[in-house]
Amino acid sequence: MNSLFKHLPLVFRHEWRLLLADRSLWLTLGILCAVLAYGLFNGITATEARTTTQVRLQIQEADAAVRNVDLLRRIFEDKANPEPFANPANPANVGSGLAARYAMMPALPLAPLALGQSDMLPDHYKISYRNKTSFLYDGEIENPWNLMSGRLDAVFVVIYLLPLLIIALSYNVLSVEREQGMMKLVLSNPITLSTLLAGKLLARALPLLAGAALLPIVALLLFFPPARQVDALPQMMGWIALVLAYGLFWFALAAFVNALRTSSANNALLLISAWVVLTLIAPVIVNLAVSTANPAPSRVELATQTRLVTIAGLNRYNELLSTDYRYTTNLETLRPKDGKLDIPERLRAFYLMDRDVDAEISSLLDRFDIQVASQQALVDRFGFVSPAIVAFEGITGLSGNGSRRFQHFKEQIDTFHENWRGYFQPKVLGGQAMTESDYADIPRFVWQEESARQRWTDLAKRLFQLLLLAAILSVLAIVFLRRYRVV
Amino acid sequence: MLETHDLCVEYDGAVALQSLNIRVDPGEIYCLLGANGAGKTTLINAFLGFVEPATGSVHVNGLDVSRYPLESKQGAAYIPEQVMLYSVLSGIENLDYFAALATGRRLPKARLMALLVQAGLSEEAASRRISTYSKGMRQKVGIAIALAKGAKALLLDEPTSGLDPSAANEFSLLLRQAASRGVAILTTTHDLFHAKQTGTRIGIMRKGHLLVEFDSVAVSHEELEAAYLEHMRVMQ
């Protein structure tokens, strides 16, 4: 222990001197910074685009509401004629799209670090009383790991490139000393092999991990104003902790491989093989295993089921649907009278059909959600076979673009959709005309953030998994170092 | 002081040293002669704790190397046949590192330079990268490293191999100076002349055994050569 405290700073300083002298550290840091900068640029651009879109949609929504109320007022004052398919007094028109509201999932302060599914799955939906398949399930419904591949962002750099840079700097820290003949001279001094290895790895870990963990935070603070909130601080700490833990795993792996006393070439081969297995192959295997164990319901089945239910609806409401289009020519019927409106039968039929579709395919839609949740649970459970999965899941969770938050968003959409339909149903079926005050009462989507406890529990679990893996490798490295033959 | 008691060392089942008893007292320069594979380097490795005794024990300054691996290294300096150093660093930067490892603290630059000059390296050379050094210059840095350690025991593995006569002579002088300060020196060599000139005692090893010892003052060069050749012939 005395040797550790006395010699570790000496080895650390010497290694820095070596790394600076042969420029390998600068080169490595340069690559890391350049790719991280590109990833951050992508992340910030994409997140700002999302936020801008959401703001634009909110403005559109507000403008539409003002237009509708204004037109309604003028209709009541006989200053304007209602239009047959965009009548602000008609709850069927209003509820099925004229005043449709957007449900939006806001970006978190760390969103630019990991775009996750945001580039594959929408962060907003236009809600009406139409059936859910018409707006909610028009995207890909699959295992979250299928949805991960996206544009190059900071988390991609950390998960895939950082280990390669760690390997490039660390694969031969001991073997090169043995191969070039310095090891005996070094170890003829009162220093242990584990202290020597620790000092060497620490000298490489400090700049590399500090760069990977802190550069994105600095960039966010400078170029992404939402990250400057005080609330973002714990999330930033979480990011730093995850990056450090993930980096620590790779350094521990490098330590273990160095302790095996194979040649530098073998070390490189072993570490690159480990990188391929842990970051490329293991996620695919987990993905396959998860998809096999919990296959998502067929998309064809969903489409077919929807069509069958729709056809059944067409038959069921045949009479209502067969009514004529007199409303398009008789403007008087479009005007509200004593709070009532002659709602076209066809529109009532469409409302009922959409309601029936949702009711009859709800079990199928539930199966989608259950399967996605089951797949996520399996990924959570067996993701530890790859630290890449663990770190990715942890970081996307912190960035707010993970599958768990998306599921949370969808649950809120389900509730909002039900509320929306519940608000319009009595008006549509009872023939009640929309009034100005009704517009003020139309349900609004209010985003509820997922529980902070859940997020921090999830983060703690990922950190524990990464640190446990790193600890196991470190212990193995120490065991092998004790058997290490210097000559 | 360097000492072994009935030391046996095996490599993967093959015997490298067998019941070896050797003792180098403070102020002595013990030169170990022997053909390649005689066990000379293994003995040095045993003193440095790089090989574990199968039986017997190894002591440096009274400390059992197996029980006190770090403490025993504190008291012994080592110069290999080829002093391999960090080629991207200068001589003084290399010495800075090794001296710090040896003493547990960094020495002042002036002290490092003085040690290199004492070892025979010019100040200009000391600031150049090791990649520009000859073998002799690297050997001098190795000497400076040993001097910096200020150890009571010195282990040298064919230190003059490949050095020109003048450099070898300077090296012998440095060894004698160290011995006069009470340092126990064990050096392996193939060079009988160097052994006779520098050593106070000379041992001949073969197949892990110490066959014979001479007092370098009492033995003539011819007698030493004859004894060495005879033992080598027996081996062949």
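**Exercise 1. Work out how the contacts of each chain are spread along its sequence.**

Start with chain A: among its contacts between residues at least 6 apart in sequence, 85% join residues at least 24 apart. Bear in mind that this is a predicted model. Now take chain B, where residues 24 or more positions apart account for 67% of the contacts with a separation of 6 or more.

**Exercise 2. Decide for each chain whether its fold is spread out or compact.**

Step 1: list the elements. Chain A comes to 16 helices and two strands.

Step 2: set the radius of gyration of chain A against the globule rule. The radius is 30 Å, well over the 23 Å that the rule gives for 487 residues, so chain A is more spread out than a compact globule.

Step 3: look at the dimensions. The C-alpha trace of chain A spans about 105 × 45 × 30 Å along its principal axes, and 54% of its 487 residues count as buried.

Step 4: repeat this for chain B, which has nine helices and 10 strands. Its radius of gyration is 18 Å, close to the 18 Å from the globule rule for 236 residues, so chain B is as compact as a globular protein of that length. The C-alpha atoms of chain B fill a box of roughly 50 × 40 × 30 Å along the principal axes, and 57% of the 236 residues count as buried.

**Exercise 3. Describe the packing of two helix pairs in chain A.**

A reminder before you start: two packed helices are described by the angle between their axes and the distance between the axes.

Step 1: take helix 4 (residues 154-170) and helix 13 (residues 387-399) of chain A, which pack at about 165° with their axes 10 Å apart. That angle makes helix 4 of chain A roughly antiparallel to helix 13 of chain A, and the crossing is right-handed.

Step 2: find the residues that meet. Helix 4 of chain A brings Val155(A), Val158(A) and Ile159(A), while helix 13 of chain A brings Ala388(A), Ala391(A), Phe392(A) and Ile395(A). By class, this contact has seven nonpolar, no polar and no charged residues.

Step 3: move to helix 7 (residues 193-223) and helix 8 (residues 232-259) of chain A, with an angle of about 155° and axes 10 Å apart. Angles over 145 degrees count as roughly antiparallel, and helix 7 and helix 8 of chain A are therefore described that way. Their crossing is right-handed.

Step 4: sort the contact residues. Helix 7 of chain A contributes, among them, Leu197(A), Arg204(A) and Leu221(A), and helix 8 of chain A contributes residues including Trp239(A), Gly247(A) and Asn258(A). The classes come to 19 nonpolar, two polar and one charged.

**Exercise 4. Is Lys427(A) buried or exposed, and which residues does Lys427(A) touch?**

Step 1: locate Lys427(A) in helix 14 (residues 403-430) of chain A.

Step 2: check the accessibility. Lys427(A) has 9% relative accessibility and counts as buried.

Step 3: leaving out residues up to four places away in sequence, its contacts are Pro91(A), Ile343(A), Gln432(A), Met434(A) and Asp438(A).

**Exercise 5. Examine two backbone angles in chain B.**

Step 1: recall that most residues other than glycine have a negative phi.

Step 2: inspect Ser19(B), in strand 2 (residues 14-24) of chain B. Its phi is positive, at about 40°, and with 45% relative accessibility Ser19(B) counts as partly exposed.

Step 3: inspect Glu158(B), in the loop between strand 7 (153-157) and helix 7 (165-180) of chain B. Its phi is also positive, near 45°, and at 10% relative accessibility Glu158(B) counts as buried.

Definitions and conventions:
Residues are numbered from 1 along each chain as its sequence is written. Chains are lettered from A and ligands numbered from 1 in the order in which they are written. This is a predicted model: local features need pLDDT of at least 70, side-chain atom pairs count only at pLDDT 80 or more; totals for chains, interfaces and linings use all residues. Side-chain values use heavy atoms; hydrogens and water are left out. Axes are lines fitted to C-alpha atoms, for helices over the stretch in contact, and angles run from 0 to 180 degrees between N-to-C directions. Helices (H or I, at least four residues) and strands (E, at least two) are DSSP runs, numbered from the N terminus. Angles under 35 degrees count as roughly parallel, over 145 as roughly antiparallel, 65 to 115 as roughly perpendicular and the rest as oblique. A crossing is left-handed if the near helix is turned anticlockwise from the far one by less than a right angle, and right-handed if clockwise. Contact means heavy atoms within 4.5 Å. Ala, Val, Leu, Ile, Met, Phe, Trp, Tyr, Cys and Pro count as nonpolar, Asp, Glu, Lys and Arg as charged, and the others, Gly among them, as polar. The radius of gyration is taken over C-alpha atoms; the globule rule is 2.2 Å times the number of residues to the power 0.38. Buried means under 20% relative accessible area, exposed over 50%, partly exposed in between (1.4 Å probe, protein chains only).
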